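Work through the exercises below with the model open. Try each task before you read its solution.

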Amino acid sequence: MNKFSGVDYFEIEPLLTEEERMIRDTVREFVDNEIIPIIEEYNRKAEFPLHLVSKMAELGLFGPTLPSKYGCSELNNVAYGLIMQELERGDSGIRSFASVQSALVMYPIFTFGSEEQKDYWLPKLAAGEKIGCFGLTEPDYGSNPGGMITKAEKVSDGYLLNGAKMWITNGTIADVAVVWAKLDGVVRGFLVEKGAKGFSSPEMKGKHSLRASVTSELIFDNVLVPESNLLSKTEGLKNALMCLNQARYGIAWGVVGAMMACYDTALNYAKSRIQFSKPIAAYQMTQEKLVYMLTEITKAQLLNLQLGRLKDKGTLKFTQVSLAKRNNCEKALEIARMSREILGANGILDEYPVMRHAANLESVKTYEGTHEMHTLIVGEDITGCPAFE
């Protein structure tokens, strides 16, 4: 198997630190050796390759920006982005697992949890000994999470949770769920542990997208959550949205990996596929597609690098993350579709990764805020006029 050498048309490599390049290359090698050889099989079976979790943990891929006292790597946000990029070059489902574990489980526990919660959960999540999920989206409330109907009621020995969540990555295999519910009308975060009476997490079957990923429902029927499992620093929907912003940042980087995988596949195929006595790469229409792909990859890389530098400086605005997530997901899906066109009928075979990436990206473009919602987030920022209602 050919090792992936990257796509860097604008000499972005020297803009990365030595540590950032080393981390990227380590994850790139992991993807080449451990993910790409098996991912089509797991995609066919519609199963998540659970055996990869311990290997990803050994590389420090869970919560990598968090402090070392919790078993994490204290990396910067550009390095984190590069990790997401390389994982998604393998598969969006693998990146989704790491993204949820890091941005949607470890981040809220670190940011809103007690010292006891952090000391207990973060090292176990970092080591892959425990798996987490994030319960915000509901069957009837996707783009409008504030409309949630999942409720928590204070009782003498904790809180009673009632309601349901949907489209939850890792839900069925999770040991702990970060669940958002209304307590006296205010959105709060709760840690709901696997095995709690009245809590079930059936897997959602029949997906044509993210097949190598576990997607679940979470059902709460008078689930008693101990007082100690309230994320005490949560005080409204804004805290859940802070978590989503972390995940959207990782997605903006991740989809560049899918772009690069599709472009690299299409370029190599076009050079070797002979039609009418010459490679299809020699035809103008093929070159136009390849140049479009390379241009959009380069723009997305530069967008992400600045996004990461702003995040590391602490000046990043959530609207900037929305712009990057919106643009990069749209362009990644376009590139996957163009790659399929270049491969012709061969493009639908799982001998090549492009159809799998295209199907995955349909979900990635939708989750953590649809294209339309990110349009309105940026639109409100530049006009001052909210258009959500």
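**Exercise 1: Strand pairing**

Task: Find how strand S2 and strand S3 pair, and over how many bridges.

Solution. Strand S2 covers residues 151–155, and strand S3 covers residues 158–169. They pair in the antiparallel sense, over 5 bridges. This is a predicted model. Next, look at the end of S2. Val 155 has Gly 158 as its bridge partner in S3. Then check the link. S2 and S3 form a hairpin, with 2 residues between them.

Now turn to strand S4. Which way do S2 and S4 run, parallel or antiparallel? S2 and S4, which spans residues 176–183, run parallel and are joined by 2 bridges. Ala 152 stands opposite Leu 183 in S4.

**Exercise 2: Two annotated spans**

Task: Set out the helix and strand content of residues 133–223 and of residues 235–381.

Solution. Start with the record. UniProt, in an unreviewed entry, lists residues 133–223 as "domain: Acyl-CoA oxidase/dehydrogenase middle". Over this span the chain is 0% helix and 52% strand. The end C-alpha atoms are 17 Å apart.

Move on to the other span. UniProt, again in an unreviewed entry, places "domain: Acyl-CoA dehydrogenase/oxidase C-terminal" at residues 235–381. Here the content is 79% helix and 3% strand. The end C-alpha atoms lie 24 Å apart.

**Exercise 3: Where two domains meet**

Task: Describe the contact of domain 2 with domain 3.

Solution. First, fix the bounds. The protein is divided into domain 1 (13–127), domain 2 (132–234) and domain 3 (238–383). The centres of domain 2 and domain 3, taken over C-alpha atoms, are separated by 30 Å. The contact takes 11 residues from domain 2 and 11 residues from domain 3.

Next, the area. The two domains bury about 830 Å² between them, with 70% of it on carbon and sulfur atoms. Ser 143, Ser 209 and Leu 210 supply 48% of the area that domain 2 buries against domain 3, more than any other three residues. Last, the charges. Across this interface there are 0 salt bridges by the rule used.

**Exercise 4: One residue**

Task: Is Ala 281 buried or exposed?

Solution. Locate Ala 281 in the loop between strand S10 (278–279) and helix H8 (284–313). Its relative accessibility is 16%. The cut-off for buried is under 20%. So Ala 281 counts as buried.

Now list its neighbours. Beyond four places away in sequence, Ala 281 touches Ala 270, Lys 271, Thr 286 and Gln 287. Take Lys 271: it is 10 residues from Ala 281 in sequence and 5.2 Å away in space, C-alpha to C-alpha.

Technical notes. Residues numbered from 1 in each chain as written. Predicted model: local features only at pLDDT ≥ 70, side-chain atom pairs only at ≥ 80, totals over all residues. Heavy atoms only, no water. Helix = DSSP H or I, 4+ residues; strand = E, 2+ residues; numbered from the N terminus. Buried < 20%, exposed > 50% of the residue type's maximum accessible area, 1.4 Å probe, protein only. Contact = heavy atoms within 4.5 Å. Pairing = 2+ DSSP bridges. UniProt positions renumbered as here; feature names shortened; annotations may be inferred. Domains from an automatic or database assignment. Buried area = accessible area lost by both parts, 1.4 Å probe. Salt bridge = Lys/Arg side-chain N within 4 Å of Asp/Glu carboxyl O.
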